[in-house]
Amino acid sequence: MKRRSLLQMIALGTAGAKIFGGAAPAFAQDGRSVTIAWPSDVPSWDPNQRFQPDAQPLFKSVFDQPIEQDAELNFVPSLFTEWELADDGLSLSFSIRDDVVFHDGTPMTMEDIRFTFYERVASGENLDIANTWRNLEDIEILSPTSGVFVFNAPTPTAPQWLAFMGSFVVPKAYMEEVGVEGFRERPIGTGPYKIVEYQMNSRIVFERHEEYWGEMPAIQRVTVNIVRDPSARVAAVQSGQAHLTINVPVREVERLGAMPQLEGEINPITRVILLQLRHDMAFDDQNVRLAVHHAINKQALSQAFYGGAAVPLSVVAPPGTPGYVEGFEFPYDLDRARELLAASGFSPDNPVRFTMATTNGHFPSDYDIARALVQMWGEVGIEVTLDVIEYARYFELNRGNQLPEATLYSWDNATGDPEIFTGYLLNPQMPFSAWKAEQPGDRVLELFAEPDYETRIAGYQQVNRDATEMGATMPLLQSVQTLVRDGGLNYRRYGNGWVLPASMSWS
Amino acid sequence: MTATIAKLVMRRFLVAIPTLLFVSILLFVVLRILPVDPAAMSVPPNATLAEIERMREQMGLHLPIPQQYLIWLGDLLRGDFGTSTHFRTGVAGLVATTLPATIELAVMGMILGGGLGLCGGLLIFYFRDTRTEAALDVGTIAVLSLPDFLWALFLMLVFGVVWQILPFTGRLSPDLDRPVVTGFLLLDTLITGQPKTFVNALYHMILPAMALGISAAPPIIRVLRSSLLDTYQEDFIHQARLRGLSERRILLRHGLKNAILPTLSLMGVQFGFLFGGTLLVEIIFSYPGMGNLMVDAIRNTDLPIIQTVGLTYCVMVLLVSITVDSLYLILNPKLRAR
């Protein structure tokens, strides 16, 4: 190569590097804004339409719920200043705030409450909240700030549902003016942030709602980049292109957490990893079910896949939630497992065989846990065939009563209420339940209509214990949420895993 | 010449109709025989079996598959692409929103891949019968053996994490607002007169486009080289040498001009592959295109979206193929004479 050509190339390279380097986007934070790498988008900006646990923090940034949960998951006033469930569970009286405005400046009224929970549902729109509020007969407006939900059947968990998925208040007048499609394109709520830009599956830009009725967020502008690939989320937070991300592999949390500018967290949340069971086929024998349960080393699973942060469970309720049974433990006991199998005529030479369904990638380490379980069971002479299913297929198989003997699943319940754990998972009339036997199904059905809170919770605690002892369900671990953030970024940690931009601030 | 090209385009459009019909039948039938229930996917999780059955009837899923197909095709011809079972909104709107980003990315990928391929082909030919050629040859094989999503992760790691000079999430930096006119971001930034946003968008496009383009380059390199080797056997190359032209001039003015035609055909085919490759690259780089939508649809068994996106890919490949054929005709006088 000639000297002149070489010099030309060097000059060109230097100029190029200057242009690229100098104009490269700045990723540093300015104290007023935050960039988050979030694993999934909202299904649409109609918050009543689709239930999706991971979308709740996004919805909660834009919309408010009648009742709120604090970081310890207590139910606290939000748009509702007070509420009271009637003794028979057939009505719920409530009062609303009078200082709430939507993002377009119009005040929130009782009409908006009635529209969200009653009129939209009654109109026959295909909304997920329609199933939640199917017992709702009407919302009677008593005054500009008070009213009553009227149910046609006892609805003891109405307050919990008013703080749960899909229960976000939308503006009646605006929605009627722009239509549902128009609303999805230009949504407004009463929440702490307005949407200033949305590009599906890519980014959401929030700006602070300056007339917000509640605690004013410290961060003015929040950019949420939808980054589905876990490796890309890790890279984004490591390179400083995002200040916070969630749901990254545990080993990456440990690695990134060791870096000086980053903090890594593995937080237990109100999500339960369990085996959903059938009561028939190879599992019509209680000894077999219990042997299967005794052969599971939950502590080892937690250590291997969640760095020991996932709490082993003996009932389908995480510690700190109302349905948890303090002091009850279902032991890991290989000898007991062998005894139970022998009592039913099984041994390593004559093994019991069944199939277990699992997803691969629906929740962290699901497939790895399934494979570890198969190995654990192999130690006591249980032979298991793994069947990997798509998450979308899970509901279909469960509804059609076509799941195999066991299914590894993760059940999310931000409210922590036992009805939405045990109630849903063991109510034979619901499509979530793989267990279709009369017991403990009948008792669960009774609890669905039990209006007294104390009686209801005590009932669920007993059902939880009995369900484990009879092998109707096999709780494994309290799930964890992994999170990595810039060391200077603070946020409020919620027991149910919500990561809310409104709770963030810079040190 | 214009009449000849118009005739060819017309003929290719006519041939495209049965191709599209065949693809639509294939897509529809394959998706219908999969063990999934679109009705179950379009109702709330706590819906009863009776409600699912009602939904099944509403969606016409109880009808025989040929009848379902004809209804779907009829709707399609009327411009009704159906309603997404997951997003519960019109599929046409979703595809229209995401298609520009994918086209933009694929075109940029093709420009980078085509550029790399052409430069690489010329370089490897220039160094023919030397050790440099052998080394470059090994390099192209190595590049070819890595799929585009691995390139995506590699580029992200090197340029995004280690050197931190290029962004790799989304299309714009957090402090910039996205102009919306046509949906083609680069174009929109120019229309609205935002040069800073244009440059920023271009930066965001470099890594995903490179991930797509790198995989497209090696076949172009190889075809261009072998095409150049063939061309160099022709008499006009010897005559050019006898006229005293420099080797560089012969290569660029005479060799490349004649060898480019097969390469152009290949680039058309490559564009089709590249378009399909956007699926994973869009996921990795958070790119809001049709590939991202397709992955969403597959995850949620959203058949109306899968069908429409599948057909859109087919239409895009056919359009590119027609364009390449037209270019071929423009560049090759022998074909026009036939």
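The following paragraphs lead from the domains of chain A to its contact with chain B.

This is a predicted model, in which local features need pLDDT of at least 70 and side-chain atom pairs count only at pLDDT 80 or more, while totals for chains, interfaces and linings use all residues. Residues are numbered from 1 along each chain as its sequence is written, and chains are lettered from A in the order in which they are written.

Chain A is divided into domain 1 (62-179) and domain 2 (268-480), with bounds that come from an automatic or database domain assignment. The C-alpha centres of these two domains of chain A lie 34 Å apart, and 11 residues of domain 1 are in contact with 10 residues of domain 2, where contact requires C-beta atoms, placed from the backbone, to lie within 7 Å.

Between the chains, the contact takes 45 residues from chain A and 47 residues from chain B. On the side of chain A that touches chain B, the largest share, six residues, comes from H7(A), helices being DSSP runs (H or I) of at least four residues, numbered from the N terminus.

Helix H7 of chain A (residues 230-239) and helix H7 of chain B (residues 148-162) have axes that come within 10 Å and cross at roughly 5°; such axes are lines fitted to C-alpha atoms over the stretch in contact, and angles run from 0 to 180 degrees between N-to-C directions. H7(A) and H7(B) are therefore roughly parallel to each other, a label for angles under 35 degrees. Among the residues that meet here are A:Ser231 and A:Ala235 in H7(A), and B:Leu153 and B:Met156 in H7(B).

Technical notes: Helix = DSSP H or I, 4+ residues; strand = E, 2+ residues; numbered from the N terminus. Parallel < 35°, antiparallel > 145°, perpendicular 65-115°, else oblique. Contact = placed C-beta atoms within 7 Å.
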